[in-house]
Each structure stands twice: as structure tokens, then as C-alpha cells.
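Please open the structure in your viewer and keep a selection tool at hand. The stops below are arranged so that each selection can be examined before the next one is made.

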Amino acid sequence: MFKNYLKIAFRQLLRNKTFSVINILGLAIGMSAFMLLALWVHNELSYDRYHSKKERIYELWNKSIWSGKLECWNVTPVVAAPTLRQHFPEIEAVTHVDWPNERFLSVGDKKLSARGNMVDPEFLSMFDFPLISGNINTVFKDPHSILLTPELAEKIFGHEDPVGKVIRIDNEYGVTVTGLINTPPNNTRFQFEYLMPWSLHEELNGQDNNWGNNSTHTYVLLKEHASIDNLQVKVKDLRRNYARDSDPYDMFLYPMERWRLYSSFKDGVESGGKIELVTLFGIVAGFILLIACINFMNLSTARSEKRAKEVGIRKTVGAMRSSLVKQFLGETTLLAFISFVLAIIIVQISMPAYNELCMKRLFVPYSSPVFWVLCIAFILLTGLLAGFYPAFYLSSFNPVGVLKGTFRKVGALVTPRKVLVVLQFVFAIVLITSTIIVRQQIRYVSERQVGYNKDRLVYHFLSKDLDKNYHALRQEIIAADLATSVTKTSSPLTEGWSDSWGFVWEGKDPNDKTDFDRFCADEHIVKTAGLQLLSGRDFDLQQFPTDSDAIIINESAAKAMGFKDPVGKIVKDGDVPLHVIGVIRDFILNSPYHPTKPIIIEGARGWFNVVNIRLNPQVSNLAPLEAIFKKYNPEFPCNLYYVDEQYARKFDDMNRMATLATLFASLTIFISCLGLFGLSAYMAENRIKEIGVRRVLGASVMNITSMLSVGFLRLVFIAFIVAAPLAWWLTGSWLKDFPYHIALRWWFFALAGILATLIALFTVSFQALKAARSNPVKSLRTE
């Protein structure tokens, strides 16, 4: 019997080649889109879930009032780790993890940059990053040690054994390779090419016992059976009990399982996070697969008349309805299997581009038995979902009515197929609207006034040699007529690396905890960056030597301090008095999606990590500039960055989301149009005699085309009525997360509706014109 069903299924595929191709293609595209999204969702859900001790690993967080709001953040004082280690017996291990740093590594003539962290030895036992070589208990015994990933080791040493070899770091100190560590997988927050011991950090920077300096991440491993609730009570008062300053705030431990998806806080309470995007993508994946199945249902029932007599004859000779259901579900499952094979091919071909778009290293786990079990379940589920309605619909035909030709119900106002098409277009219109609004939001924010001139502005990170030779470097660049101005800053103009609420000024409320972005700059910062000076002047150490203790503030800082005429006012940073010499217009230092924070730019007394160069308009080749950097920094490669390009990278995530939304909206529209194509074919097939009569009575092709199209456009209009308020609610909720955002305009929704209508009209017109141009003689003759 199974063999007979299989033969019938293949015969049906070959007999209706066009519809078979459309069926398989639509289902394959839906399945491939579902699989691509499912891979992304699984990757996000699996973040840091592979660690064997994940239930006992926590991250130390702070909680305090900043600028009138209760804020939470996960950057903590260095001194917190040894304090936890010494005074909390419930804790088994503690480790620092500093910010990922890009350092220059050199061995002989081989020089390259790599990104890694400094950690405590406990890091290796807390987290599952197994060593390929080396002893976990001794690899960090010497402060001048380093662990390399196999990829980095091969870049530096080729196929030689790197253990025991010395690497020069930043041309300042040497470290010995004590082992190899597995490359971190793509689903972990810890992405490193090397690890070095925290004891080296202390040797280079000294002991940091300042509770006010939040500069590192702190992770703890609880002992088995330790009570996290009791520990949270004690950790809450960690700073109050051990800090010597007068500015206490709460601390708490945040579990590993919440890090990736839930670490967004509002008013000190967890308020979602990336889980919202993961849930959205999961819903989109499910709906795309559902729409592909709906498309299959429509196409299957559209061809029902072709198989009606077959069903009638089978029932007449004694076939049970259950056997017909099994037959039709078997055919659907076969189609689902063929579609799945095609979907796997599509996924494999598109994976490199998809990974580049998502900035991930996703892959299909062909070697996993669980994967194949899920694939079989996926095929069966898709086959059942797509074939359930057609199987029961076809098997329900009355053999008497079928053989008489009286089983059709063309004039029904509401049919399952119409409902399914409306559902398809509701989802499609929501996706189109969302894509339009996301792109408008990107455009709106990207056109926001930056507050400085990004054009022809480049920067280079300072090394020890560049810092030592800075004045000679600056003079030579200007003498070569390569730049109009050069200055040093603590960070690039596109990034804020420090903030503080510890500034004091006359008349400050003791309870005021306004958070200021702290930025440091050498003389000529206003000229070099193209900042807009509202009052006062730029730093100028030659004319005003006291500018080393001067500051320039932005207008938001002047407002926060209550200064009407800020120039000349004194602001204290700790015990150091700083005098205001200028006020600049607000400029975007961090996120362009949020309001500008108060900014204090400190003068030459600050610290510097970046040299900024305002290029001459005539400079079109950076080679002469690179040669000067190479002269004063011979041990390092010259890496110049354009500020406008780095600023544009702030929109990468949003552009990525817009691209994904466009991609999946297009796929949804395509699959929906296949469903509409099926419904129009069904309607034309069932009204073929009516069309013939109208043609004989003088109806034009345009009249008949309009008659057949109006009903479908009515479905799209109903879908728009349903989709518009749904899209308004969804996009409005999304935009609320951005303090700086667009207002929802009526034309966003109208444009989406018009696009959907035009696409639907084009799809339906093909079948309508085909039916209208058919020979009425053929349609009216006796069957």
C-alpha cells in the first residue's frame, strides 16, 4: 500500500509540474528562512550555557542613583575581587576580567595585533575553556606568562611548538608562552585570542584600592549548596562595609543565565533585554514557516477539482476516508522532504553571507544526531501542518456530488482559503511597515547634528614611543602641510571611556549625582575636532600655561551646574580645582540614539590614548602621514582611522536589523504571492464557464480582469485594516526604547499598504488575464 501511495504521489508531482515546482519552492524558501532564523535564535539562547558550573557563576554589579535615576552597571572596582575572596566564605573562586585590549605582539620580525584579556588564575577553573597544552595550576604562576589560542599561535610561530617561547608585548615587556587554550566558541561573551595573568596587570599598574574607580569586570563562583539569597544580603553592603569614601552604593550578584538576554535594567529592576529581539525573531521564523504552509494549503486546494473525481471513484469502490487522509498526508510529507533537501542547499549556499550579515559564526551541525532527529521531526511537523487541511478537505468530498460535478461553493463570502490569504498579508504588511520605520529611524538619527566636523579627521592610538615623541610628531606633520591641526585626547571622539559624578562646584546640592562624561584633550581640541565654541576659548598652553588645570564644558554640563556665565567658574575634581575656560555646543560622544550627556573636557593634566589629525583639504594620500608615524613608531604598524567611518559604525546594528527585516519581509511577500497565485488559479478554474459566458455576451478582457481582481484586492485591504494598528503598536513599543526617535507618520502605513496592494495586483493580474483571454469555446463545451 505504501508503495502504491508513493507511486501516486510521484505521478501527481509529474502531472502538475508547474504547481509542484511552486509548491516545493515556496515551502523550501519558508523552511530555509525558518532554519536560518532558528540557528540565530539557538545561538543567542545558548550563550554561555555550555559551562559546567553555570548555575554557580555570577557577575558583580553596582546599583546607585545617577542623574536622578536608579541605574545598574557591571563595571566594578578592582579592589572588590580580593575583598570578596578574603571575607566571603560562601565564594569558592573570584576572578577579574579586564576590558578586551588589542595589543601588539612581536617575535623577531613577526608583528601583529591581537585581542585578549588579563584574568586571575581562577578564571580557568570557573569557565570551560580547556587547555590544549599546559598545566592549569601553573600556567599563570609567573606574571610574565601568556596563553594563546591555536589560531594566534599559528599566526606567530607557524607549525612550531610555541610553549616556552617569548613574545614581546607592545614593545615594552616580554611574556613566555606557557600553554595553548581552546578558541572560545561564538556563543560566549568571552572572545579572546590570548590570556595573561592579572598579576601582570598589577605589576604594570600597581594595586588599585580605590572603590570609586569602576574599571573591571568581577566574576564569582559560589560553593556548592551556598545560599545565593543570604549572600546577596551581604554583598549589597559590600562597599558600605569596606570602602573608606563617603559615597556608598548597593552591589549585587547577577546570575550567568541572565547575562546575555535579560541584562537591561530600568529604575534598578530587570526590564528585558535582548530576549525581546530573540522572541521577535522566533515569532517571525514561526510565521514565515506558517505562511509557507498556508501557501501550500492554498495551492493544494486550488487544484482540488483535478483530484475530485479521483476521490469520488476511490470512495465509490470502498476507500475509507482514513486511507485517503493517509495518502494525502503522505504526499504532503514527500513534498516536505523534497522541500527540506532544497532548503538545506539554500541554507548552505547563503550561510557565508548570512554570517557576515549577523556578525556570527553560525553553522549547520550535520555531525550531531540530535540535529537529524530534529530534522525528521521538522519534516513530519511541516508535512502535517501543510497537509492537514488539504487532506481532510479533499477526503471530505461527497462521491455523488463529485461525480455529478455539484460539489463546488464558489460564492461563499468567507472561506478558509480567503482567511489564510488575509493572515499571510497581515504579517507581510506588518513586516513591510516595520522595515520602513526602522530605516526612517536610522535616517533620522544619522542626520542628527554631531556637534563637530567628522570630515578629513583621522586618529591613531598612542603607543609609548608616540607619546614620548608626540611634540616632534605633531610639528613634523604640520610642517609637511599634511594637517591644519593636531591634538591628543583620552579616547576617540566617537567613544567615551570615562565618566564621574564626583565633580564639585559652588552651589552644588549635596544629593546631586549628575553623571558627567569625562574627556581629556591637549591644546587645540576645538580647532582640530571642529567643535562649536559658544563662549570662552580653546586650550592654549603656550599663551596660558595654567590651561593644564583648565576645563571646557558643553552646554548640558553648564545647565546641570546651573551656570549662566560658566567661564571663570571653578569646578573641583576631588581636591584639584579646575577653571572653566570655554563652553561648547553639545556633541555626540557615545550613542546617537540618546540625548547628549554633560561633558567635561580636562586639559593637559589628563591622560591620553589617541592622537587626532585634521587633514589638509589637499591631502588625498595618507602614505606621507603613515611614513611620519612609522618614523616615530618603528616597532608598530600604522593604523589610521577615519572618524566619519567610525561614527558610521554606530549604526551597524540598526542597519543589520533593517537588512534582516527587508530580507524576511521580501521572502514573506514572495511566499504570500504564491498563495495568492494559488487562490487566483482556484477562482479562475472554478469560474471558467462563467467567464466563457461573459465573453460570449460581449465582456471585454479588462472587464473580466477587473471582476476577478477586485475580490483579491478586497482581501489585501482587509489585511491592511488588521495590520495597520498591529504595526503601529509594535513599532511604537520599539521606538519607545530610544529617547531620540521619529514620530510615527500616517504615510509609513499607507506606503506599506500601497506596496502590498501593487504586489498583489501584479500577482493576481497574471491569472486574471490568462483566464480572460482563454477561448470561451473550450470552456463552454461539454466536459
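## Cysteines and the whole chain

Begin with the cysteine sulfur atoms: the structure holds zero disulfides, and the model you are looking at is a predicted one. Select C358, which counts as buried because its relative accessibility is 8%, and then C520, which is likewise classed as buried, with a relative accessible area of 0%.

Now zoom out to the full chain and colour by secondary structure, which shows 26 helices and 27 strands. Of the 783 residues in the protein, 49% are buried. If you switch on a surface, the exposed area comes to about 37,200 Å², of which carbon and sulfur atoms supply 58%. Contacts are worth a look at this scale too: among those in the protein with a separation of 6 or more, 79% join residues that are 24 or more positions apart.

## A four-stranded sheet

Select strands β17, β26, β16 and β27, which in that order form an open sheet with antiparallel pairing. The edges are held by β17 (483-489) and β27 (641-642), and because each of these has a single partner strand, one side of each is left without a neighbour in the sheet. Next, add helix α17 (residues 470-479), which packs on the sheet and touches both β17 and β26 (610-615); the direction of α17 makes about 160° with that of β17.

To see how the β27 edge is attached, restrict the view to β16 (residues 457-461) and β27, which pair in the antiparallel sense over two bridges. Within this pairing, pick V458 and look across to Y642 in β27, its bridge partner.

## From helix α17 to helix α20

Return to α17 and select L473, which lies in that helix. Is L473 buried or exposed? With a relative accessible area of 1%, L473 is buried. Residues up to four places away in sequence aside, L473 touches L466, I628, F629 and Y632.

Take I628 from that list as the next selection; I628 belongs to helix α20 (residues 623-632) and counts as buried at 7% relative accessibility. A distance drawn between the C-alpha atoms of I628 and L473 should read 7.2 Å, although the two residues are 155 residues apart along the chain. Besides L473, the contacts of I628 include E476, I477, A480 and L482, again without residues up to four places away in sequence. A further C-alpha to C-alpha distance can be drawn from L473 to N633, where 160 residues of sequence separation correspond to 9.8 Å in space.

## N554 and its polar contacts

Move now to strand β22 (residues 550-554) and select N554, which is found in this strand. N554 counts as buried because its relative accessibility is 0%. Display its side chain together with the backbone of two other residues. A polar atom of the N554 side chain lies 2.9 Å from the backbone nitrogen of A557, while the side chain of N554 also reaches the backbone oxygen of K597 at 3.0 Å.

Which residues surround N554, once its neighbours within four places in sequence are left aside? They are V583, I584, R585 and D586, together with T596, K597, P598 and I599.

## Three loop residues

The remaining stops are in loops. Select T149, in the loop between β8 (145-148) and α5 (150-157), which is buried with a relative accessible area of 3%. Leaving aside neighbours within four places in sequence, T149 is in contact with L180, I181, N182, T183 and P184, and also with F192 and E193.

Go next to D170, located in the loop between β9 (166-169) and β10 (173-181), and inspect its backbone: phi of D170 is near 50°, a positive value in a residue other than glycine.

Finish at H225, in the loop between β12 (214-222) and α7 (228-236). Phi of H225 is near 70°, which is again a positive value in a residue other than glycine. H225 is classed as exposed because its relative accessible area is 81%, whereas T149 is buried at 3%.

Notes: Residues are numbered from 1 along each chain as its sequence is written. This is a predicted model: local features need pLDDT of at least 70, side-chain atom pairs count only at pLDDT 80 or more; totals for chains, interfaces and linings use all residues. Side-chain values use heavy atoms; hydrogens and water are left out. Two strands pair if DSSP finds at least two bridges between them. Contact means heavy atoms within 4.5 Å. Axes are lines fitted to C-alpha atoms, for helices over the stretch in contact, and angles run from 0 to 180 degrees between N-to-C directions. Buried means under 20% relative accessible area, exposed over 50%, partly exposed in between (1.4 Å probe, protein chains only). A polar contact is a pair of N or O atoms within 3.5 Å; within protein, one must be able to donate a hydrogen and the other to accept it, and residues adjacent in sequence count only if both atoms are side-chain atoms. Accessible areas come from the Shrake-Rupley method with a 1.4 Å probe; for residues, only the protein chains shown count as cover. A disulfide is a pair of cysteine sulfur atoms within 2.5 Å.
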